[in-house]
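Thanks for asking me to look over this model with you. My notes are below, set out as numbered points so that you can follow them with the structure open.

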Amino acid sequence: MEKARDDIKSFKDLIIEVQDRGICGRCGGCVAFCSAGELNALGLDRSGTPVFVDEQRCLKCGICYLICPQVKALNQELKQRHSWKPPIGLYRGISSARAASRAVRKVATDGGVVTALLIYALKKHIIQGAVVLKKIGAFSRQPVIATQPSELIDAAGSHYEESLHLDEIGRKYTTFAPTVREVKNLKARNLERIAIVGTPCQIYTIRKMQLLSVVPADTVFLTIGLFCMENFSFSAAGKAKIEKKLKVRIRDIEKINIKDDVILRTGDGETIHLPFSAVDEIARPACLVCPDFANDFADISCGGLGSPDGYTTTVIRTGLGEKIYNGARQAHLIEELHCKSKEDAKIRRSEAMAKIVSFTRRKKERARQGRE
């Protein structure tokens with residue numbers, strides 16, 4: 001039996017293949033879903049890095065290794081299950097749309113389509129709740145479980161608190177939130193059908209958990225994926241350096257968006273456009289080796305790239321995604337960008353898809369170089 005266990009990849013292999021290479025994203029999925037969780041085999045250190053608490057209690061089952069977003073062992077099985085096609089996976093349609101509600105659009109990063117879709121799914125009892133990201137600062141996010149439409153709108157807005165500033169408590173700024181960890185709490189709240197909004201690496205992990213029948217991934221009924229070139233992370237020590245380079249104080253930045261470039265908006269209404277090369281040094285190392293931009297395995301993928309300001313580019317991928325998108329549109333919760341003609345609409349869709357494919361290829365090439 002011991003020999004058989006030695007033949008299975010385990011957390012020790014994650015340390016060698018992921019942590020030692022500096023590409024651990026600190027999502028915490030390996031710790032949250034460790035089959036020896038009750039034995040306290042794994043934990044997180046002060047920096048959020050997964051570590052052995054007691055190596056002798058590790059069951060060497062391989063779950064932590066396989067669900068890690070940096071491990072590609074299940075790629076072929078996932079592609080087959082989701083009928084993946086190059087270059088961005090399966091999709092049924094693409095549109096530029098926005099939330100019909102001005103209240104939603106006011107707090108949304110782009111057009112508020114993600115929030116509107118979740119509101120529709122909640123009202124129709126398609127889902128019982130959603131794991132979403134609550135903005136507590138331009139560079140700070142935390143995952144929350146929303147079960148009411150008002151909670152979704154509240155999470156979409158920005159929640160700046162002086163107590164969260166780095167210079168007061170010395171923690172890292174990061175736009176990445178450990179959403180996958182929050183899934184662990186779903187069973188305790190008796191939620192059996194939930195939606196999860198996440199980055200490509202997070203949706204990828206959820207899909208691998210579903211492939212392996214890891215509980216409670218079975219409660220994730222709907223996945224809405226965000227386009228993602230990179231997330232940012234930097235310490236208090238790097239704050240002054242970044243501010244000097246960006247020529248703006250971090251505390252003055254109210255909103256970050258990524259479309260054709262990195263867009264910073266300050267509290268006084270100033271908009272700053274930066275090329276990706278200008279902010280690569282604060283990109284999370286895990287992002288630099290991730291090949292997925294368009295969130296290939298989600299039910300619906302969304303982002304600002306390819307749409308005019310105030311609209312969300314929405315890629316509908318699955319039958320469930322199509323049902324929810326069409327339902328929200330028919331219920332007048334979302335509205336599509338008006339085009340002069342069908343030909344004009346077709347050209348706009350082609351232009352949006354061309355940009356998505358271009359960014360996908362760029363990210364795949366960056367990931368290839370980062371892994372060499």
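The points below go through helices, strands and a few backbone details in turn.

1. First, some ground rules. This is a predicted model, in which local features need pLDDT of at least 70 and side-chain atom pairs count only at pLDDT 80 or more, while totals for chains, interfaces and linings use all residues. Residues are numbered from 1 along each chain as its sequence is written, and side-chain values use heavy atoms, with hydrogens and water left out.

2. Let's begin with a helix pair. Helices and strands here are DSSP runs numbered from the N terminus (helices: H or I, at least four residues; strands: E, at least two). The axes of helix H7 (residues 113–123) and helix H8 (residues 149–156) come within 9 Å and cross at roughly 165°. Axes are lines fitted to C-alpha atoms, for helices over the stretch in contact, and angles run from 0 to 180 degrees between N-to-C directions. H7 and H8 are therefore roughly antiparallel to each other; angles over 145 degrees earn that label, while those under 35 count as roughly parallel, 65 to 115 as roughly perpendicular and the rest as oblique.

3. Which residues make the contact of H7 with H8? From H7 come Thr115, Leu118, Ile119, Leu122 and Lys123, and from H8 come Pro149, Leu152, Ile153 and Ala156. Contact means heavy atoms within 4.5 Å. By type, the residues of this contact divide into seven nonpolar, one polar and one charged. In that scheme Ala, Val, Leu, Ile, Met, Phe, Trp, Tyr, Cys and Pro count as nonpolar, Asp, Glu, Lys and Arg as charged, and the others, Gly among them, as polar.

4. H7 is mostly covered, with ten of its eleven residues buried. Buried means under 20% relative accessible area, exposed over 50%, and partly exposed in between (1.4 Å probe, protein chains only). Leucine 117, which lies in H7, is buried with a relative accessible area of 0%. Leaving aside residues up to four places away in sequence, leucine 117 touches Ile224, Ile300, Ile324, Tyr325, Ala328 and Ile334. Leucine 117 and alanine 328 are 211 residues apart in sequence, yet 6.1 Å apart in space, C-alpha to C-alpha. Just after H7, histidine 125 takes a positive phi of about 60°.

5. Is strand S14 (residues 312–316) enclosed or open? Five of its five residues are buried, so S14 is largely enclosed by the rest of the structure. Thr312, Thr314 and Ile316 point one way, Thr313 and Val315 the other way, and all are buried. Strand S3 (residues 93–99) runs antiparallel to S14 and is joined to it by five bridges; serine 96 stands opposite threonine 313. Strand S13 (residues 300–303) is also antiparallel to S14, with four bridges, and isoleucine 300 has isoleucine 316 as its bridge partner. Two strands pair if DSSP finds at least two bridges between them.

6. There is also an open sheet of three strands, in the order S10-S11-S12, with antiparallel pairing. Its edge strands are S10 (253–258) and S12 (271–274), each pairing on one side only. The twist averages 20° from one strand to the next. S11 and S12 form a hairpin with four residues between them, and glycine 269 in the turn has a positive phi of about 90°.

7. Do look at the side chains of S12. Ile272 and Leu274 point to one face and are buried, while Thr271 and His273 point to the other and are not. Histidine 273 is partly exposed, with a relative accessible area of 49%. Across the pairing with S11, isoleucine 263 stands opposite histidine 273, and leucine 264 stands opposite isoleucine 272.

8. Finally, some backbone details to look up. Most residues other than glycine have a negative phi, and most peptide bonds are trans. A cis peptide bond joins proline 86 and proline 87, with omega about 5°, and the bond from valine 215 to proline 216 is cis too, with omega near 5°. Proline 216 is found in the loop between helix H11 (200–211) and strand S8 (220–226). Serine 213 is also placed in the loop between H11 and S8; its phi is near 60°, a positive value in a residue other than glycine. At 60% relative accessibility, serine 213 counts as exposed.
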